[in-house]
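This briefing concerns the predicted model shown below. The points are grouped by topic for reading alongside the sequence and the coordinates.

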Amino acid sequence: MADLKAGIYCRLSEEDKNKQSETDDSNSIQNQKSMLIQYALEQGWDIYHIYSDDDYTGADRSRPEFKKLLSDAEHGKIDIVLCKTQSRFTRELELVEKYIHGLFPVWGVRFVSIVDHADTSNKGNKKSRQINGLVNEWYLEDMSDNIKSVLTNRRKNGLHIGSFALYGYKKDPHQKGHLLIDEEAAEIVREVFTLFSQGYGKTAIARMLNDRGIPNPTEYKRLHGFRYQQPKRKQSTLWKYFAISNMLTNEIYIGNMVQGKYGSVSYKTKKNKPRPKSQWYIVEGTHEAIIDRELWNKVQILIAERTKPFSTGETGLFARKARCISCGCTMRSRKMSDGRRYLCCSNRQVSKEACEGAFISVAKLEQAVIEEISRLSAEYLDKDGLEEQIICQNHLAAQKNRLEKEIAAYQKKESEYAASIRELYLDKVKNIISESEYLDFSKEFISEKKRFESLALEAERQLTDIEVKMRIKNSPRQLIDQYTSLKKLDHETVDKLIDFISVGRRIPGTKDVPIEIHWNF
């Protein structure tokens with residue numbers, strides 16, 4: 001039999017570092033490596049590779065070495081995954097089931113953790129591994145709540161908690177949570193506010209900064225050695241309309257600390273979602289202001305005077321719907337000397353080198369959309385077929401109502417079993433029941449909890465499919481009247497029917513402008 005190849009996995013989180021004293025390296029990466037290497041040699045295993053993730057939590061699924069380990073395991077490069085404890089590999093019960101109990105056996109990989117004696121070659125301790133996963137899951141949730149509590153308290157006290165200071169400021173090296181003015185960037189901030197107060201538009205200001213080669217806030221941080229980037233966005237060195245717009249309304253520039261604009265979706269993901277302004281943390285006078293109150297107030301009055309809601313008028317008919325076909329940038333509305341409204345590529349407006357630039361009149365785009373809707377109506381929305389479609393939608397609505405009730409029931413059951421498992425665990429900790437009794441009692445609870453989780457996920461998938469099919473909800477007569485004799489668009493119709501529209505530049509020698517309409521149905 002060929003020698004078994006072991007992949008050693010080590011992980012150290014920031015929290016582990018904080019727990020250690022200067023002389024305690026029991027949780028250090030080096031200590032984990034030494035312990036695991038010695039164990040592998042004693043077992044006669046060959047060490048294929050040592051995978052080490054430093055400063056990553058057990059709930060982070062994007063750990064680089066963790067992902068490399070899984071890839072090597074899947075491709076048969078290792079026979080054994082060796083860790084100090086199961087929690088070093090993951091703290092999520094979902095990943096315990098997915099990999100340790102699911103894919104590893106399929107790939108022919110054995111999982112061993114030496115401190116808590118987890119070993120997939122021993123079928124008898126599978127329950128213990130599941131319990132470890134469940135306890136680690138609770139640990140993650142409790143740790144998340146504790147961290148949120150600490151961060152909320154710091155926000156309420158006006159202490160800056162972000163990784164990077166806002167453009168125009170820098171972190172105070174001598175006072176944690178305090179901001180100091182970064183004069184180099186602050187000069188640009190003052191210039192932006194002054195130019196706007198003098199009547200220059202946001203796009204014009206962006207163009208002026210770009211023409212002078214001034215790096216935007218993201219590029220400024222990069223040039224000063226910060227590892228700062230905007231995720232899932234194409235990096236650019238150019239100033240844009242929205243960068244100027246956000247700057248002009250940010251109260252941090254008048255000395256107020258504003259935080260909590262976004263909140264995490266769950267402790268299991270790094271995704272954030274916007275929070276209403278009523279839930280922001282705003283503390284006045286926490287640091288030196290870059291913009292004085294007189295200039296700030298003048299700018300806010302000008303912004304209020306220029307602001308027009310997207311839902312009214314020709315200006316906002318295609319607001320955030322029209323995109324440049326070349327660069328994908330959202331097009332902005334401009335009023336020309338002839339009084340008509342035109343849509344222009346935002347990138348083209350801030351720098352001529354950024355994009356060749358899309359350009360079309362709002363009236364022409366509206367007519368093109370109406371003609372396409374009319375064509376689709378004549379082709380697909382015949383009255384008999386439409387009546388059948390609505391009957392089908394009524395059936396889908398009944399299915400949606402049933403699924404929503406089922407999901408609520410499944411989630412309730414799932415919560416009940418989770419609570420029962422917690423109570424059992426506490427009974428075991430208090431020695432009310434033995435570990436063997438706990439394992440016997442909890443086995444069925446864990447199984448049922450997983451079953452209801454699966455049922456809820458499947459029902460949610462079905463619900464999503466149904467909701468996609470129900471995006472158009474008008475009555476038969478309304479749909480027929482609206483789409484077969486449509487003369488004018490309104491914002492509600494555009495928002496309901498259109499996902500986005502890609503617009504190009506006029507084809508030379510013709511009056512044709514390339515248009516691609518992406519529908520919501």
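The largest nonpolar core of this predicted model comprises 34 residues. Within this core, the residues with the most contacts are Tyr167, Phe193, Trp239, Tyr253 and Ile291. In soluble globular proteins, nonpolar side chains tend to be buried together.

**Nonpolar cores**

- Two or more residues of the largest core come from each of the strands β7 (179-181) and β8 (257-259) and from each of the helices α7 (183-197), α8 (202-211), α10 (241-248) and α11 (293-306).
- The greatest contribution is that of α7, which supplies eight residues to this core.
- Beyond its neighbours up to four places away in sequence, phenylalanine 193 touches Met247, Leu248, Tyr253, Ile291, Leu295, Trp296 and Val299.
- Another core lies apart from the largest one and has 24 residues, including Leu317, Leu365, Ile373 and Val513.

**Packing of α7 against α10**

- The axes of α7 and α10 approach within 10 Å, and their crossing angle is roughly 90°.
- Because angles of 65 to 115 degrees count as roughly perpendicular, α7 is classed as roughly perpendicular to α10.
- On the α7 side, the contact is formed by Val189, Val192, Phe193 and Phe196; on the α10 side, Ile244, Met247 and Leu248 take part.
- Classified by residue type, this contact between α7 and α10 contains seven nonpolar residues, no polar residues and no charged residues.
- Phe193 of α7 thus appears both in the helix contact and among the residues with the most contacts inside the largest core.

**Asparagine 250**

- Asparagine 250 is located in the loop that lies between α10 and β8.
- With a relative accessible area of 10%, asparagine 250 is buried, because buried means under 20%.
- Outside its neighbours within four places in sequence, asparagine 250 has contacts with Leu166, Lys261 and Trp296.
- Leucine 166 is 84 residues from asparagine 250 along the chain, and the C-alpha atoms of the two residues are separated by 9.7 Å.
- Trp296 is also touched by phenylalanine 193.

**Sheet β13-β14-β15**

- Three strands, in the order β13-β14-β15, make up an open sheet with antiparallel pairing.
- Its edge strands, β13 (331-335) and β15 (359-361), each pair on one side only.
- On average, neighbouring strands of this sheet are turned by 25° against each other, direction ignored.
- The antiparallel strands β13 and β14 (residues 341-345) are joined by five bridges.
- Methionine 331 has cysteine 345 of β14 as its bridge partner.

**Sheet β12-β16-β17**

- A further open sheet contains three strands in the order β12-β16-β17, with mixed pairing.
- At its edges are β12 (322-324) and β17 (515-519), each of which pairs on one side only.
- The twist from one strand to the next averages 25° in this sheet.
- Strands β12 and β16 (residues 498-503) run parallel and are joined by three bridges.
- Arginine 323 has serine 502 of β16 as its bridge partner.

**Serine 447**

- Serine 447 belongs to helix α15 (residues 435-469).
- At a relative accessible area of 44%, serine 447 is partly exposed, because this category lies between the limits of 20% and 50%.
- Tyrosine 417 is 30 residues from serine 447 in sequence, with a C-alpha to C-alpha distance of 9.4 Å.

Definitions and conventions: Residues are numbered from 1 along each chain as its sequence is written. This is a predicted model: local features need pLDDT of at least 70, side-chain atom pairs count only at pLDDT 80 or more; totals for chains, interfaces and linings use all residues. Side-chain values use heavy atoms; hydrogens and water are left out. Two strands pair if DSSP finds at least two bridges between them. Helices (H or I, at least four residues) and strands (E, at least two) are DSSP runs, numbered from the N terminus. Axes are lines fitted to C-alpha atoms, for helices over the stretch in contact, and angles run from 0 to 180 degrees between N-to-C directions. A nonpolar core is a set of buried Ala, Val, Leu, Ile, Met, Phe, Trp, Tyr and Cys residues joined through side-chain atoms within 4.5 Å. Buried means under 20% relative accessible area, exposed over 50%, partly exposed in between (1.4 Å probe, protein chains only). Contact means heavy atoms within 4.5 Å. Angles under 35 degrees count as roughly parallel, over 145 as roughly antiparallel, 65 to 115 as roughly perpendicular and the rest as oblique. Ala, Val, Leu, Ile, Met, Phe, Trp, Tyr, Cys and Pro count as nonpolar, Asp, Glu, Lys and Arg as charged, and the others, Gly among them, as polar.
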